[in-house]
Amino acid sequence: MSLQETKPLTGRIEEVGGVVEFADYVAGGGYEAARKAVTTMSPADVISQVKDANLCGRGGAGFPTGTKWGFVPQGDAHDGGVKYLVCNGDEMEPGTFKDRYLITYNPHLLVEGMIIGAYAIGAEKAFVFLRGEYHTPKQALAQAIADAEAKGYLGKNIFGTDFNLDLRIHSSGGRYICGEETALLNALEGKRAQPRTKPPFPPASGAWGRPTIVNNVETFCNVPPIITRGTNWYRDLGITDDCGTKIYGVSGRVKNPGLWELPIGTTIREIIETHAGGMQDGFKLRGLLPGGASTDFLVEEHFDLAMDFQTIRAAGSRMGTGTMILMDDSICPVDMSRNLQHFFAQESCGFCTPCREGLPWIEQLLLDIEEGRGKPGDLDILDQNAQYIGAPGNTFCLHATGAIEPLQSALKYFREDFEKHITDGKCPYK
Amino acid sequence: MAKIYVEGKEYEAEAGENLLHAVLSQSIDLPYFCWHPAMGSVGACRQCAVIQYADEEDTRGRLMMACMTPVMDGLRISVEAAQAKDFRSSVIEWLMENHPHDCPVCEEGGECHLQDMTVMTGHSMRRFESKKRTWRNQNLGPFIGHEMNRCITCYRCVRFYGDYAGGTDLAALGSRSRVYFGRVEDGTLESEFSGNLVEVCPTGVFTDKPFSQHYSRKWDLQSAPSICPGCSVGCNTIASERYGVLKRLHNRYNSEVNSYFLCDRGRFGSHFVNSQKRIRHAATKAEDGTFEYGDLDKVVTQAASHLEGTIGIGSPRASVEANYALKKLVGAENFCAGFSDLDETLLKEIAEIRKTGGFHSPSIAQIEEADAILILGEDISNTAARIALSVRQAVRGVSFDMARSANIPEWQDAGVRGHAQHNQNPLFIAVNGTTRVDDIAVAKCNGSNDEIARAGFGIAAEIDGDYAVGDDSEFVKNVAQTLKKASKPLIISGTGAQNQAVIQAAANIAWALNSEARQASLLYVVGEANAMGSLLLGGSVTMSDALNRMESGSSAIVLENDLYRRADSKLVSAAIGGIKSLTCLDSLGHSTVEQADTVFPAATYAEQTGTFVNLEARAQRFYQVFQPTDDIRPSYEWISEIAKKADRADLNWQSIAELTDVCDQEALNGVKEASVDANYRVENQFKLPRQTHRYSGRTAMFADQSVHEPKTAEDRETPFSYSMEGENPGDQDGSTIPYVWTPGWNSNQSVFKFQEEVAGPLKGGDPGKLLTEVNPERPANASDIYSLVPETTNGNNGLVITPSYSVFGSDELSSSSWPIAERSPAPFARLNPADASKLGVTDGSGVFVSEQPDQKYEVIVDSNLAQGTVGLAVGFNGFNTIGTDTASLQVDLDYRARPTGEERILAKN
């Protein structure tokens, strides 16, 4: 049995033992999914197959991909103008490095996924919005695009049909907020990277005011296998109700940090203990951020939960990108919170008040507490700010909501640490 | 309409409108910053949070931003719920982290929206203990002060300056908690609408620099409703005084005219009132040629002794009343309206066209409804800048259509703009040379003004073959096809081109377009503030006839007019040389005044009450802001004094209201409806206070001169008082709003309390009365009216002159305002690059016109100016005294270019 059967995203990388070049990719059945979709399926068929497979967005929100594609005006509802397909490769979530791996080692999978996606929504222009620092992935992807163009898989009359696709890479100027799809579109248009009001949602009015679909790298990479191997196969891959595989990652003091493609729904404990090799000797796991910096802490009681969208949501956090950051018992939760808030305050786009002015205040309070200057009452201010900044809808976009998730949960699970800092006037971890 | 419930109480609101708009329209106080009634919502500040309930049972609800929430039938909200109030107070607390506590030294203090909102939310205790953010400020030129430390990052400035007004040199720079609103480097803000930043900014970041130099608190200002004298648009203003100095001008809302915005000529041009060039004493000329003053009676007697057969020359920059008084004094047969011969011809043509009818005459607000616009020969960005701002909004019309079909509410500003991108309604500009609305034009046509007229005739003929045939270019076809497709096309032209055929061609196009299915609008820009008023009053003597009669020994009384701006200087000098006696009434000194035998110091618009008639024939009242000192009096009062001395019983009005009545009965029917009479009282009992109820220093202001408390001046002529006593409730007659203030709303944001609903008409009706209406019915013979198409221009080896305007400098009065003088260019000559290189000149070179060797012009190379033409600056060197249509230029090798504003600022730094 081919490795690609159980690991549709990374199996070929393992088979090849490194970067999957064009020839390797084609030898492993590459571009057959695109050929099948473009030459034998209608766009509606493609969308319904992706829908049936229950593919959910891998960028963090977990929105059903097929449903999203279905929002794009087609046929009579479409005014005949240009549509855009955009790949969100602005992977800036702290602790997250799955897209970099996929693009670097298996770039054709992304290209093929985008060909199918573009065909499905009727887009003839596509962009990969790539994190600015991703130089190596950019080279790999540029090579892949060139190879695909040379073979006629991109460009005019793809697979001899009248379907055209122009695929380009756009290197980001570098802001975390560009991971928010509408801020990404503004940045792509050359405007300030500020999120947009929704509605209109991008499928109705996105890049340059035209219908646009934005999907994450990993999401696109799931599409070719779904087309090739079918929805039943894909649905069976998942352990829980969610479908397919997921690239899980672990960073922190484990013996073997890294990332692994596993059936979606693998438990946290299995990921950490079996795949990441467990904690390093002398360190105990106290808590973890399951899917990047902008997710709530999970603690001991949650470690046997399945890593899927619904389960983690039910536990009060989000699976997010599926790449966890571990906090062991040597790490001060106050200092870690301060570090996280520093990041979010710095990456605020500066558009709305609570995020722009509230996060730096929180950072400052956490710094004061960490450095022994905390005062009674500071936690009340933190609680109040967290409540007002974090509630979705209070801020313009979800950046601040994401920022508050790790803080609010840290205040909940590690409150005695915060209190001790204030009563002792110093950090007990130093 | 929809029913909404606020605190359980039912209100009517427009479905689909944003909730903030609806709530404020009900006069419910809800704090906000980033939303602006003319610019819509973006959801940046998060200040207008309310609780929205799912239904009657819902007691928890959820927090919503009112500005981003559409009104729906049955919507239930609470403004007062504790959670909403607490959140709004938190927003202020966040904003106050970095806002300096400098209110006592901040120009905005006392009329600061941020202060008002802070008090409104109840935030008072500071909990943030870190350092405040600080910035380096920029020198933004003579108009606008910059104090970035006060910024609360509401984004209103860049939304107005860039998105609304089309400016490109002010931007939001940087990100996170360090967003800087400024230019890339120090330098004068380029947009001629920069002054609106002062009113748009909710706090003291952008301040009125000239005002700062002689600053007073808003509550210490004595104010009255006024009309801008800067051009023929007639923007409504609030003019404010203290210590006998006109301190500043603010926008006065009129939904039909200027709504919320003024141009910089208007806002900063008012300082001519305080100019050193003011004439302050009535004087007679002594034998030795110097002026003598001190004996008023002698001056009046002398003027009165020359009334027999005297010529009266009126002025398009003087009030209707002053012009009428003079006309009555000298008799209609001796009255000249005061235009140049050419202006008079052009204006009479415009009057004739308006009388003929066959098109819609739009208000300034209605310009924004046009779905295709052609500008023919009029550089509106320099001659009537406020109109250019409206044109800018009109081209956005299609974006609202697009938004509607994408279910994006009109008020959702970022969404509408993002969705529409660069789609716009078509704007065509046939103006020789670069204008500042070129950036939104889909096509431009240049050429001498005869050629512009030929293009105009061509467009009319292309639309309807019955009209006289003109040029037949791609531009002409494109314009004709596009205008035909529009449902509300608009043609803008005017006297600026100084070309009769241009005016006629514009009429032909409007007539050719106008049909039952298509309402064509036509608007003529007419030059000065009361040009239309002077035109309607009329004069039976032309300027050259008047000058001839003066040369032959007749006397003349010249009202607020410098004849050297109206006719060839040689003719004027000859006329004054032969004159029996010259009497001048004016506020500022100039060449004509210098040669007068008798001079009377005239009040400026701020020191008197009167009426101007704007380009749409809207009569609008301006009220005396403060009483002038020394001998200064309104011109009509001097005329009355002269009449009395000559025992003329027919000029014995007791007040300006009486004079307006007389004028209404005898000459301009309807003009008195632009004003209220002296007996008008709020709630039938209160006068309208020029001073705020917090006006301070009444007994101390002049204590350095006398310790006795001065008697409060009485005003028997208008319903306003020179005190803080009275009422300014907001629902009085719309023309009588001396300032905007309501409890809790000390800033200009309080204007919504004076409106029927947000951005709607004023509660007491929008000011102004249209004196003439245009009959939209097209006459049957419209195509036969103008069939004389001018020939293609032949420069005869010279360059054909195009009058070229500068918003700063071309206008007579505002040029004497020091901030405007700082922004005014050197007298300029625009040249096509090919002509410039033929002459061997470049930007900044000096040239003079052979026929006018004593005047220098600085070259501006302009690729939008047709080859073979030269754009000569109007209002600088008096080029209209050249007396020819063409000019031959000579290079002035000694010329040194005047430093630009940028260079001056960089040198200062």
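Thr212(A) touches Lys83(A), Tyr84(A), Val86(A), Leu185(A), Pro202(A), Pro203(A), Gly206(A) and Ala207(A), leaving out residues up to four places away in sequence; two residues are in contact if their C-beta atoms, placed from the backbone, lie within 7 Å. This is a predicted model, in which local features need pLDDT of at least 70 and side-chain atom pairs count only at pLDDT 80 or more, while totals for chains, interfaces and linings use all residues. Residues are numbered from 1 along each chain as its sequence is written, and chains are lettered from A and ligands numbered from 1 in the order in which they are written.

Thr212(A) counts as buried because it has 29 C-beta neighbours inside 10 Å. The cut-offs here are 20 or more other C-beta atoms within 10 Å of a residue's own for buried, 12 or fewer for exposed, and partly exposed in between, again with C-beta atoms placed from the backbone. Thr212(A) lies in strand β4 of chain A. Its C-alpha atom is separated by 22 Å from that of Ile227(A), 15 residues further on or back along the chain.

On to the sheet that holds this strand. It is an open sheet of 4 strands, ordered β3-β2-β1-β4 (chain A), and the pairing is parallel. Strands pair if DSSP finds at least two bridges between them; helices (H or I, at least four residues) and strands (E, at least two) are DSSP runs, numbered from the N terminus. At the edges stand β3 (166-171) and β4 (212-216) of chain A, each with a single partner strand, so one side of each has no neighbour in the sheet. From one strand to the next, the twist averages 20°. Helix α10 (residues 217-229) of chain A packs on the sheet and touches β1 and β4 of chain A, with its direction at about 95° to that of β4(A). Axes are lines fitted to C-alpha atoms, for helices over the stretch in contact, and angles run from 0 to 180 degrees between N-to-C directions. Within the sheet, strand β1 (residues 84-89) and strand β2 (residues 125-130) of chain A run parallel and are joined by 6 bridges; Tyr84(A) stands opposite Lys125(A) in β2(A).

Chain A has another open sheet, this one of 5 strands in the order β6-β5-β9-β7-β8 (chain A), with mixed pairing. Its edges are β6 (258-263) and β8 (298-299) of chain A, each with a single partner strand, so one side of each is left without a neighbour in the sheet. Strand β7 (residues 285-289) of chain A pairs with β8(A) in the antiparallel sense over 2 bridges, and Leu288(A) stands opposite Leu298(A) in β8(A).

As for domains, the assignment splits chain A into domain 1 (3-237), domain 2 (245-328) and domain 3 (333-424), with bounds that come from an automatic or database domain assignment. The C-alpha centres of domain 1 of chain A and domain 2 of chain A lie 26 Å apart. Their contact takes 16 residues from domain 1 of chain A and 19 residues from domain 2 of chain A. The domain 1 side of chain A that touches domain 2 of chain A has 7 nonpolar, 5 polar and 4 charged residues. In this scheme Ala, Val, Leu, Ile, Met, Phe, Trp, Tyr, Cys and Pro count as nonpolar, Asp, Glu, Lys and Arg as charged, and the others, Gly among them, as polar.

Between the chains, the contact takes 33 residues from chain B and 32 residues from chain A. β4 (62-65), α2 (82-98) and α15 (413-420) of chain B each supply at least two residues of the side of chain B that touches chain A, and α2(B) gives the most, with 6 residues. That side of chain B divides into 16 nonpolar, 12 polar and 5 charged residues.

In chain B, strand β11 (residues 236-242) is mostly covered, with 7 of its 7 residues buried. Strand β10 (residues 222-227) of chain B runs antiparallel to β11(B), joined by 6 bridges, and Ala224(B) has Ala239(B) as its bridge partner in β11(B). β11(B) also forms a hairpin with β12(B), with 2 residues between them, and Tyr243(B) in the turn has a positive phi of about 55°.
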